[in-house]
Amino acid sequence: MSKDYFFNFEKLTYVKGPKPSGCILCLIRDQAPGVVDLRVYSDELFIVAVNLYPYNPGHLLIFPARHIEDIRDYTPREEERLNRLQRFILDITDKLHHPNGYNLGYNMGLTAGASIAHLHLHLIPRYPRELGIADLIAGKRVLVEDPRETAGKIRRMIAQEPFSITTS
Ligand SMILES: [Zn+2]
């Protein structure tokens, strides 16, 4: 079992000093100074990062290095890579967090609930007896792991079992 504990987001400062302007996912891609690096994987096409405000331990974002805002803008090469990367990340998350299931999906367009225009796939592990969304909204304290700790664990697992960008 993963080590869960009550964690107060208000104590976590992701950005030190003046808030950098621009697309947060492009800033993460570019490793912009002042942006806390929650990336766990990157190649020339995709980046995987722990969500800044995880819904659950292990909540990840998979996003293209290119700033695109619509899944129809994926090239065939990106689609092929994404398919295998999703499988790889699900296997890693299974081993690390042992969830009962997942929510996988996009919020495409700001009116659909996407807070970031840059296309990103949410990968949210689901657990038995987790807090409901109402509890998360009502309370300041939510049951999650520090996202920096999650990122460290996933990086170590990927270092042991690297993702192969080639199909062979
Ligand atoms: Zn962007």
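**Exercise 1. Work out why strand 3 (residues 46-50) counts as largely enclosed by the rest of the structure.**

Solution. Keep in mind that we're working with a predicted model.
- Step 1: go through the strand and ask how each residue is classed. Four of the five residues of strand 3 are buried.
- Step 2: recall the cut-off, which is that a residue is buried if 20 or more other C-beta atoms lie within 10 Å of its own.
- Step 3: put the two together. With four of its five residues buried, strand 3 is therefore largely enclosed by the rest of the structure.

**Exercise 2. Find the strands that pair with strand 3, and say which way they run.**

Solution.
- Step 1: start with strand 2 (residues 39-42). Three bridges join strand 2 to strand 3, and the two run antiparallel. A hairpin of three residues makes the link from strand 2 to strand 3.
- Step 2: pick out a pair here. Y41 has V48 in strand 3 as its bridge partner.
- Step 3: now turn to strand 4 (residues 60-64). Strand 3 and strand 4 are also antiparallel, joined by five bridges. Look for F46, which stands opposite P64 in strand 4.

**Exercise 3. Place R77 and decide: is R77 buried or exposed?**

Solution.
- Step 1: locate R77 in helix 2 (residues 76-97).
- Step 2: count neighbours. R77 has 9 C-beta neighbours inside 10 Å, so it counts as exposed; the cut-off for that class is 12 or fewer.
- Step 3: check the spacing to L45. R77 and L45 sit 32 residues apart in sequence, yet their C-alpha atoms are 8.8 Å apart in space.

**Exercise 4. Describe how helix 2 meets helix 4 (residues 147-160).**

Solution.
- Step 1: take the axes. The axes of the two helices come within 11 Å and cross at roughly 120 degrees.
- Step 2: name the arrangement. Roughly perpendicular covers 65 to 115 degrees and roughly antiparallel starts over 145, and helix 2 and helix 4 are therefore oblique to each other. Their crossing is right-handed.
- Step 3: list who touches whom. From helix 2, I92, K95 and L96 meet K153, I154, M157 and I158 of helix 4. By class, that contact has five nonpolar, no polar and two charged residues.

**Exercise 5. Put these pieces into the whole protein: how many helices and strands does the protein have?**

Solution.
- Step 1: tally the elements. There are four helices and seven strands.
- Step 2: read along the sequence, and the pattern is β-α-β-β-β-α-β-β-α-β-α.
- Step 3: look at burial overall. Of the protein's 168 residues, 21% count as buried.

Technical notes: Residues are numbered from 1 along each chain as its sequence is written. This is a predicted model: local features need pLDDT of at least 70, side-chain atom pairs count only at pLDDT 80 or more; totals for chains, interfaces and linings use all residues. Two strands pair if DSSP finds at least two bridges between them. Axes are lines fitted to C-alpha atoms, for helices over the stretch in contact, and angles run from 0 to 180 degrees between N-to-C directions. Angles under 35 degrees count as roughly parallel, over 145 as roughly antiparallel, 65 to 115 as roughly perpendicular and the rest as oblique. A crossing is left-handed if the near helix is turned anticlockwise from the far one by less than a right angle, and right-handed if clockwise. Two residues are in contact if their C-beta atoms, placed from the backbone, lie within 7 Å. Ala, Val, Leu, Ile, Met, Phe, Trp, Tyr, Cys and Pro count as nonpolar, Asp, Glu, Lys and Arg as charged, and the others, Gly among them, as polar.
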